[in-house]
Amino acid sequence: RMWAVGRPPYRLVLGPEASGKTQWHCTHYCGRGVMKHLPDGAALAAEMGIPPAKLRQTFEDYNRAARTRSCPFGKQHFQGAPYRMENPLYVAVVTPVLHYTMAGLEVNARAEVLRSTGSTGDP
């Protein structure tokens with residue numbers, strides 16, 4: 001659904017609660033240059049090119065949605081809340097990509113699953 005909003009780039013932002021549970025992964029992805037560790041929300045706002053007040057408001061809106069379990073985008077799980085501007089953050093840009101396939105699926109260059117006959121589409 002995020003692509004329907006039409007305002008990329010999209011970011012995965014992990015605060016201390018979420019990054020603490022996934023620290024190995026955060027360290028791993030930072031080491032490979034696909035994630036960054038930022039000292040606080042002001043640094044993230046600067047990287048995004050937006051005023052810190054805008055990010056603060058977004059964090060407040062998100063935290064309110066987490067408290068009330070009422071999200072305008074339909075999100076249902078909020079394990080990483082609350083987000084605070086003062087906290088260190090791990091951040092990654094999210095892009096659509098075929099990471100890997102499970103159970104040995106064979107795919108073509110367009111990420112379409114191939115049947116045993118080599119064709120795609122409905123049987």
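In this predicted model, N63 sits in helix α5. Is N63 buried or exposed? With a relative accessible area of just 12%, N63 falls under the 20% cut-off, so this residue counts as buried. Setting aside the neighbours within four places in sequence, N63 is in contact with A81, P82 and Y83. Two of those partners come with a twist of their own: the peptide bond that joins A81 and P82 is cis, with omega at about 5°. Most peptide bonds, by contrast, are trans. As for where P82 belongs, it is part of the loop between α5 and β3. So the picture around N63 is of a buried helix residue that touches a loop residue, P82, right where the chain has its cis bond.

R69 is found in that loop between α5 and β3 too. Its phi is near 55°, which is a positive value in a residue other than glycine. Most residues other than glycine have a negative phi. R69 is also out in the open, as its relative accessibility of 55% makes it exposed.

Helix α5 turns up again in the salt bridges. How many of these does a search of the whole structure find? The count comes to 5. One of them links the side chains of D61 and R64, at 3.1 Å from N to O. Both residues belong to helix α5, which covers residues 52-68, and being 3 residues apart puts about one helical turn between them. Neither end is hidden away: D61 is partly exposed at 37% relative accessibility, and R64 is partly exposed as well, at 40%.

Another salt bridge brings together the side chains of E47 and K36, again with 3.1 Å between N and O. Here the two partners come from separate elements: E47 lies in helix α4 (residues 41-48) and K36 in strand β2 (residues 36-38), so the pair ties together parts that are 11 residues apart in sequence. E47 has a relative accessibility of 33%, which makes it partly exposed, and K36, at 43%, is partly exposed too. A further salt bridge has E112 and R110 as its partners, with their side chains meeting at 2.8 Å from N to O. E112 is partly exposed at 26% relative accessibility, while R110 reaches 65% and counts as exposed.

Now for the strands. Strand β3, residues 89-94, is joined to β1 by 5 bridges, and the two run antiparallel. In this pairing, L12 has A92 of β3 as its bridge partner. β3 also pairs with β2, over 3 bridges and once more in the antiparallel sense. There, L38 is matched with L89 of β3. Strand β3 therefore has β1 on its list of partners as well as β2, going by the rule that two strands pair if there are at least two bridges between them.

What comes after β2? The loop between β2 and α4 holds P39. With a relative accessible area of 55%, P39 is exposed. Even so, it has company from elsewhere in the chain: leaving out residues up to four places away in sequence, P39 touches E86, N87 and P88. P39 and M85 are 46 residues apart in sequence, yet their C-alpha atoms are 9.5 Å apart in space.

Finally, there is the largest pocket, which holds about 1600 Å³ of space. Its lining is made up of 32 residues, and the closest to the centre are Y10, R11, T58, Y62 and F73. Which elements supply at least two residues each of this lining? They are α1 (2-5), β1 (10-14), α4 and α5. Helix α5 gives the largest share, with 8 residues. By character, the lining of this pocket divides into 21 nonpolar residues, 5 polar ones and 6 charged ones. Helix α5 thus appears in several parts of the account: it houses the buried N63, it carries the salt bridge between D61 and R64, and it contributes 8 residues to the lining of the largest pocket.

Definitions and conventions: Residues are numbered from 1 along each chain as its sequence is written. This is a predicted model: local features need pLDDT of at least 70, side-chain atom pairs count only at pLDDT 80 or more; totals for chains, interfaces and linings use all residues. Side-chain values use heavy atoms; hydrogens and water are left out. A salt bridge is a side-chain nitrogen of Lys or Arg within 4 Å of a carboxyl oxygen of Asp or Glu. Helices (H or I, at least four residues) and strands (E, at least two) are DSSP runs, numbered from the N terminus. Buried means under 20% relative accessible area, exposed over 50%, partly exposed in between (1.4 Å probe, protein chains only). Contact means heavy atoms within 4.5 Å. On a 1 Å grid over the protein atoms alone, a cavity is a set of points where a 1.4 Å probe fits but cannot get out, and a pocket is an open set with protein on both sides within 12 Å along at least five of seven lines; lining residues have an atom within 4 Å of a point. Grid points are joined across faces, edges and corners, and a volume is the space filled by probe spheres set on the points. Ala, Val, Leu, Ile, Met, Phe, Trp, Tyr, Cys and Pro count as nonpolar, Asp, Glu, Lys and Arg as charged, and the others, Gly among them, as polar.
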